[in-house]
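Work through these exercises with the sequence and the 3D view open. Try each task before reading its solution.

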Amino acid sequence: MRTLTSYISRSLLILIFFSAVSVANAAAKPGGRLIVIRVANFGWNLAANLKIDGQPVGNIVQGHRYDHRIPAGRHVLTVSVVPNTQSSQPTSITLNVRPGGTYVFTALWDSDHVYLRPTTLSPAEVAKLGL
């Protein structure tokens, strides 16, 4: 009887261990880092509304930025202005995220529309800005 209990206990511990490893691996899916900053002259009373793959992720207001992990793969970033008093159309850009990559975009306001432009900062400049 004791041998059967010992066998079941060991089997259960092994099952729990492998389940925990599987969950940890699933949670640690490789991805990248997406940073969207807003130019200073964007407008003090305007925000850049950011959507990733059609899902709203937030408004970037003066003095703030979007800085989050994003899963690896192809994504569509869409930006629009809020409040949209001029009925301007949102613009989109495609991003192919690689594991471990950092992607920095700047939200710009130009005459009647807002758009995202990839930044051309060097790794040293990104580190200097604390991004």
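The model is predicted.

**Exercise 1. Find which residues N49 contacts beyond four places in sequence, then place N49 in its sheet surroundings.**

Solution.
- Step 1. Skip the neighbours within four places in sequence. N49 then contacts G58, N59, T78, V79, S80 and V82.
- Step 2. Locate the residue. N49 sits in strand 2.
- Step 3. Look across to strand 5. There, S80 is the bridge partner of N49.
- Step 4. Widen the view to the two strands. Strand 2 and strand 5 run antiparallel and are joined by six bridges.
- Step 5. Check the side chain. N49 and N59 make a side-chain polar contact of 2.7 Å.
- Step 6. Decide on burial. The cut-off for buried is under 20% relative accessible area. N49 has 13% relative accessibility, so N49 counts as buried.

**Exercise 2. Follow strand 5 to its pairing with strand 6 and state how the two run.**

Solution.
- Step 1. Count the bridges. Seven of them join strand 5 to strand 6.
- Step 2. Read the direction. The two strands are antiparallel.
- Step 3. Pick one pair to confirm by eye. R74 stands opposite N96 of strand 6.

**Exercise 3. Work out the strand order of the four-stranded open sheet, and say which strands stand at the edges.**

Solution.
- Step 1. Recall how strands join. Strands of a sheet pair through backbone hydrogen bonds, either parallel or antiparallel.
- Step 2. Trace the order. The four strands run 4-1-7-8, with mixed pairing.
- Step 3. Find the edges. Strand 4 and strand 8 each have a single partner strand, so one side of each lacks a neighbour in the sheet.
- Step 4. Note the twist. From one strand to the next, the average is 25 degrees.
- Step 5. Inspect one pairing. Strand 7 and strand 8 are antiparallel, with six bridges between them. In this region, T106 faces R117 of strand 8.

**Exercise 4. List the salt bridges in the whole structure and describe how their residues are linked.**

Solution.
- Step 1. Recall the principle. Side chains of opposite charge can pair when their charged atoms come close.
- Step 2. Count. The whole structure holds two salt bridges.
- Step 3. Take the pair D67 and R33. Their side chains meet with an N to O distance of 2.7 Å. D67 belongs to strand 4 and R33 to strand 1, so this pair ties together parts 34 residues apart in sequence.
- Step 4. Take the pair D67 and R65. Their closest N and O atoms are 3.9 Å apart. The salt-bridge cut-off is 4 Å, so this pair qualifies.
- Step 5. Join the pairs. R33, R65 and D67 form a network of salt bridges.
- Step 6. Grade the exposure. D67 is partly exposed at 25% relative accessibility. R33 is partly exposed at 23%. R65 is partly exposed as well, with a relative accessible area of 40%.

**Exercise 5. Identify which residues of the largest nonpolar core touch the most other members, and which strand supplies the largest share.**

Solution.
- Step 1. Take the 22 residues of this core. L34, V36, F42, L77, F105 and L116 touch the most other members.
- Step 2. Map the core to strands. At least two residues come from each of strands 1, 2, 4, 5, 6, 7 and 8.
- Step 3. Find the largest share. Strand 7 supplies four residues.
- Step 4. Zoom in on L34. Beyond four places in sequence, L34 touches I52, Y66, D67, H68, I70, L77, L95, Y103 and F105.

Definitions and conventions. Residues are numbered from 1 along each chain as its sequence is written. This is a predicted model: local features need pLDDT of at least 70, side-chain atom pairs count only at pLDDT 80 or more; totals for chains, interfaces and linings use all residues. Side-chain values use heavy atoms; hydrogens and water are left out. A nonpolar core is a set of buried Ala, Val, Leu, Ile, Met, Phe, Trp, Tyr and Cys residues joined through side-chain atoms within 4.5 Å. Buried means under 20% relative accessible area, exposed over 50%, partly exposed in between (1.4 Å probe, protein chains only). Contact means heavy atoms within 4.5 Å. Two strands pair if DSSP finds at least two bridges between them. Axes are lines fitted to C-alpha atoms, for helices over the stretch in contact, and angles run from 0 to 180 degrees between N-to-C directions. A polar contact is a pair of N or O atoms within 3.5 Å; within protein, one must be able to donate a hydrogen and the other to accept it, and residues adjacent in sequence count only if both atoms are side-chain atoms.
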